[in-house]
Amino acid sequence: MESILHGTLEVSLPVFAMVFIGALLKRLGWIDQAFVNTASSLVFKATMPTLLFLSILRAEPGRAINLDLVGFYLGVSALAFGLIWLWALPRCPREDRGVFVQGAFRGNCGIVGLALSASMYGDLGLSLGGIMAGAIIVLNLVLSAIVLAVYSPTISSHPLAILKDVAINPLILGIVAALPLNYLGVQLPAWLMTSGDYLASLSLPLALICIGGGLSVSAIKQGSALSLEASLWKVMLMPALGILLALPMGFRGPELGILFLFLGSPSAAVAYVMARGAGANAALAASIIVVSTTLSLFTISAGIFTLKVFGLV
């Protein structure tokens, strides 16, 4: 039991420690919002796509593309989206429903989920997690645009606008570029791989520091009970639903572990950007991000521990 607890903390604590370091650096004034914005853009446009590209390129051909797991993950996410929207209808003011639903189902998979998967499963976590992250980005863009458009007259849910966002997304471009090279067994020059590794190694620590630097205690105060409700959906009910449905399907080991980490990731920071762009309640979106990130430190650790105790991962 002690070894299981120790192993669980080894997975979650390094990741969340970087988030708290980011919050501390912001508090000390060593980084500011301008740094967070610039560094986040660098991660999104350059370092994270490079990390995903290299991890998939190095993966055993075919192993990274677990279509059963990816399909199941997308299906559970879509199911959770529908259930959360139904839940919100009688409980949320109309103007807050889009923000609530988006915050409750849209996880920070590309950073927190991927970092946790890499911490727990190494290269397999990066390669398989990278494919899952790329797939969920597409689904999240579509579903978020739909639910925000329903309750906001200012955001575009036109299929061409969504398709454009997907087509130019750097994370997806990095994944798509690596897949044919992985399949064909192409080997890039050693110097190029080493340079890529230098750039890619910045991704997770810098992204996690930016998450911490972007956290705001005041955002919690501006929120309401809705932020706690949405956060509980995101970090507790959604992963619980996924695991309960995954067990009868036969998912075990790394696949089940990565699935849990992705489903249990806190609300994505981009939810705030989309809420603000839609003219919706951006303060509620920020509050959901802060509360879910804080809660996920405990829920993810508890979930990994439970799955390990029962020998499922």
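**A chat about Leu 89, a pocket and two salt bridges**

Visitor: Hi! Where does Leu 89 sit?
Guide: Hello! In this predicted model, Leu 89 has its place in helix 3.

Visitor: And is Leu 89 buried or exposed?
Guide: In between: Leu 89 has a relative accessible area of 37%, so this residue counts as partly exposed.

Visitor: Which residues form the nonpolar patch on the surface?
Guide: Leu 79, Leu 83, Leu 86, Leu 89 and Leu 245, with about 410 Å² of accessible area together. Helix 3 (residues 67–91) supplies the largest share of the patch, four residues.

Visitor: Switching topic, how many salt bridges are there?
Guide: Two. One is between Asp 197 and Arg 58, whose closest N and O atoms are 2.8 Å apart. Asp 197 is in helix 9 (residues 190–200) and Arg 58 in helix 2 (residues 33–58), so this pair ties together parts 139 residues apart in sequence.

Visitor: What about Arg 91 and Glu 229?
Guide: Their side chains meet in a salt bridge, 2.7 Å from N to O. This pair links helix 3, home of Arg 91, to helix 12, home of Glu 229, 138 residues apart.

Visitor: Is Glu 229 buried or exposed?
Guide: Buried, at 18% relative accessibility, because the cut-off is under 20%. Arg 91, at 45%, counts as partly exposed.

Visitor: Okay, pockets. How much space lies in the second largest pocket?
Guide: About 220 Å³. Among its 15 lining residues, the closest to the centre are Ala 240, Ile 243, Phe 260, Gly 303 and Thr 306.

Visitor: Which helix gives the most to that lining?
Guide: Helix 12, with six residues.

Visitor: How many of the lining residues are nonpolar, polar or charged?
Guide: The lining has 12 nonpolar residues, three polar and no charged.

Terms used. Residues are numbered from 1 along each chain as its sequence is written. This is a predicted model: local features need pLDDT of at least 70, side-chain atom pairs count only at pLDDT 80 or more; totals for chains, interfaces and linings use all residues. Side-chain values use heavy atoms; hydrogens and water are left out. On a 1 Å grid over the protein atoms alone, a cavity is a set of points where a 1.4 Å probe fits but cannot get out, and a pocket is an open set with protein on both sides within 12 Å along at least five of seven lines; lining residues have an atom within 4 Å of a point. Grid points are joined across faces, edges and corners, and a volume is the space filled by probe spheres set on the points. Helices (H or I, at least four residues) and strands (E, at least two) are DSSP runs, numbered from the N terminus. Ala, Val, Leu, Ile, Met, Phe, Trp, Tyr, Cys and Pro count as nonpolar, Asp, Glu, Lys and Arg as charged, and the others, Gly among them, as polar. Patches are made of residues with over 30% relative accessible area and no salt bridge: like charges are joined within 9 Å, nonpolar side chains (Val, Leu, Ile, Met, Phe, Trp, Tyr) within 5 Å. Accessible areas come from the Shrake-Rupley method with a 1.4 Å probe; for residues, only the protein chains shown count as cover. A salt bridge is a side-chain nitrogen of Lys or Arg within 4 Å of a carboxyl oxygen of Asp or Glu. Buried means under 20% relative accessible area, exposed over 50%, partly exposed in between (1.4 Å probe, protein chains only).
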